[in-house]
Amino acid sequence: MMQSSLPGVLDAVPVRSLTVVVTVAVVLVGVRRLAGERLTTALRRRLLLGVPWGTLLTTVGVLAIYLFVQGAWWHSRPLVTPFRTWSYFYPLGMLTGAFTHGGDAHITGNLLGTVAYGTVVEYAWGHYPRSRGSQTFSSPSTNPFARILAVPAAMTVVGVFSGLFAVGPVVGFSGVVFALAGFALVTRPFLFLGALLGSRVVEQVYRALLFPQPTVGGSARFVTPWWANIAIQGHAVGLLAGVVSGAVFLWARRERPATTRVFFATLVFGVSNGLWAVYVPVGGGRFTLFRWLGTALVFVLALLVAAATARMDRGLLPTFERDWQSIAGLALVVAFGALCLASVPANTAAIGPDDVPADGVEVRDYVVTYDENVRNEYVAGISLPFDLAGDRTNVTESGVIVASDDREIWIVQVQKGQLALNQRASVVVGGPGWRETVYANRTGWNVLGNKTIYRVQLRREGGERRTVFTSPPSTADTTIGGRNVTFRPDDDGFMIAVRRGNATVDVDRMPPNATARTIGGLRFERNRTRLYAGVNDTRVKIAEQRQPPK
């Protein structure tokens, strides 16, 4: 009897994702029929075939860099480290930082923002001449194709600018996205708010397609605050660059936006995109968030942007004759310049040969190692006139460190707590055309009543493990037969020292699994991840091996 193939077909087809696609498509068709031609007429008047071609070209270009230059097409993880904006002395990072990304979620969010806000910007710019009497194709400025190409060209310039004046090391197209948002919210605030809400809807549909029916449970994870991953200064620079460019655009077109709309659009965007997240790193994977200051700054920013663009149809230069709009515009320009200048100390920091760890795994010009409570050489090289977090030359870090004096790189790629939780990690280093992965393993034992002992080993792809760090010894908080037991890691494993009083009775290696060994008169038995110590009729679980989470 032939069995039905329907269950197999249903298993092969993502039914839940297909349901989302079909539902969204049917609803959009219904909206299109209800709206008639009005839905696309305005777009066709301003854009060639009603499509923002320049924005789409930019999106495709950034995606191509992620897939083929960073290698995300062939590998599960993109190559990120060499493309960050490390220093002015490392031009590759400065020129590529804005166009590369740290992962799928990172680039997806930025490309969604590019399409949403870029469409509004391109609509305001237009593919056809707006001046009375102008003829299409009569000059480069009236040629629709030239005007389309001007959009990705402008975004590229803004991207390089945002990389040069971001407090490094950063990566991502978000500086351009914020510039597009700044331009859009002062030139077309109502459309901008629609694009902002539309991007949230698209993001929800994307998540429904990617994770149609997840089952989520509690799990132990190493989590850094989400706001600590935001390049707040770079976002502010991008936003102000867009606002200033939009103000010039309004002046050139003799347009005047609705002030209340600009204020509301700026406030909503600033709050929803974390412009209030003013923070500083204080070392050890910890950060201080100045939420009070950031919240106040967002409200002040919204007021200044609304005031500065209120009368751009009258003139570009300030008059200062009781003209609050001119004062607001000057304040924005000064703030913009100050934020750009603030990046110079960080971007001129240099990593010398003495700043690179001496003991570690070498991969061409990189050194990968593990250490704890060592000075952050990148932060130490930054000179600031004042510091809200204290003496930055004493900021210490712990974890898997990646350094290169040729590329001005010094970064903790994997935090100590993250490696302690997961027991294993990997870092990818490389450059254009090559990459290599270094694997880190942390093995340790929880000692009864005292600190955990552990060692960290690194290995290159296809290479042997090498111990690069061992923790201090730890003594069990119990006495067995009048003896104390101390555990100590070394390059080859773990040692057990048995002491009576102040004298060491014996020292030997921890027994292998399913074996027993007598050390200093105590019998140590190992059963997989548990170690027992005993004498006569006394038997105590004295240590337990740490296991990676499932």
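## A salt bridge along helix H9

Glu203 and Arg207 pair up side chain to side chain in a salt bridge, with N to O at 3.6 Å. Bear in mind that this is a predicted model. Both residues sit in helix H9 (residues 189-210), four residues apart, which is about one turn of the helix.

How buried or exposed is Glu203? Its relative accessible area is 28%, so Glu203 is partly exposed. Arg207 comes out at 45% relative accessibility, so that end of the pair is partly exposed as well.

## Asp365 and Arg407: loop to loop

Next up is the salt bridge between Asp365 and Arg407, where the closest N and O atoms are 2.7 Å apart. This pair links distant parts of the chain, with the two positions 42 residues apart in numbering. Asp365 belongs to the loop between strand S3 (361-363) and strand S4 (366-375), while Arg407 belongs to the loop between strand S5 (396-404) and strand S6 (409-415).

On accessibility, Asp365 has 18%, and because buried means under 20%, Asp365 counts as buried. Arg407, at 12% relative accessibility, also counts as buried.

## Glu436 and Arg460: strand to strand

Glu436 and Arg460 form another salt bridge through their side chains, at 2.6 Å from N to O. Glu436 lies in strand S8 (residues 434-447) and Arg460 in strand S9 (residues 453-460), so the pair ties together parts that are 24 residues apart in sequence.

Which side of the buried cut-off does Glu436 fall on? With 13% relative accessibility, Glu436 counts as buried. Arg460, by contrast, is at 34% and counts as partly exposed.

## The wider salt-bridge picture

Across the model, the count comes to 12 salt bridges. Not everything is a simple pair, though: Asp490, Asp492 and Arg509 are linked in a network of salt bridges.

## Helix H11 and what covers it

Now for a helix. H11 (residues 259-272) has 14 residues and reaches 20 Å from its first C-alpha to its last, close to the 20 Å expected at 1.5 Å a residue. Right after the helix there's a glycine to look at: H11 is followed by Gly274, whose phi is positive, near 70°.

Which residues of H11 are buried? They are Val262, Ala265, Thr266, Leu267, Phe269 and Gly270. The cover over these buried residues includes helix H6 (104-125), helix H8 (174-187), helix H10 (232-253) and helix H12 (291-308). H9 is part of that cover too, and H9 is the helix that holds Glu203 and Arg207.

Conventions. Residues numbered from 1 in each chain as written. Predicted model: local features only at pLDDT ≥ 70, side-chain atom pairs only at ≥ 80, totals over all residues. Heavy atoms only, no water. Salt bridge = Lys/Arg side-chain N within 4 Å of Asp/Glu carboxyl O. Buried < 20%, exposed > 50% of the residue type's maximum accessible area, 1.4 Å probe, protein only. Expected span 1.5 Å × (residues − 1). Contact = heavy atoms within 4.5 Å.
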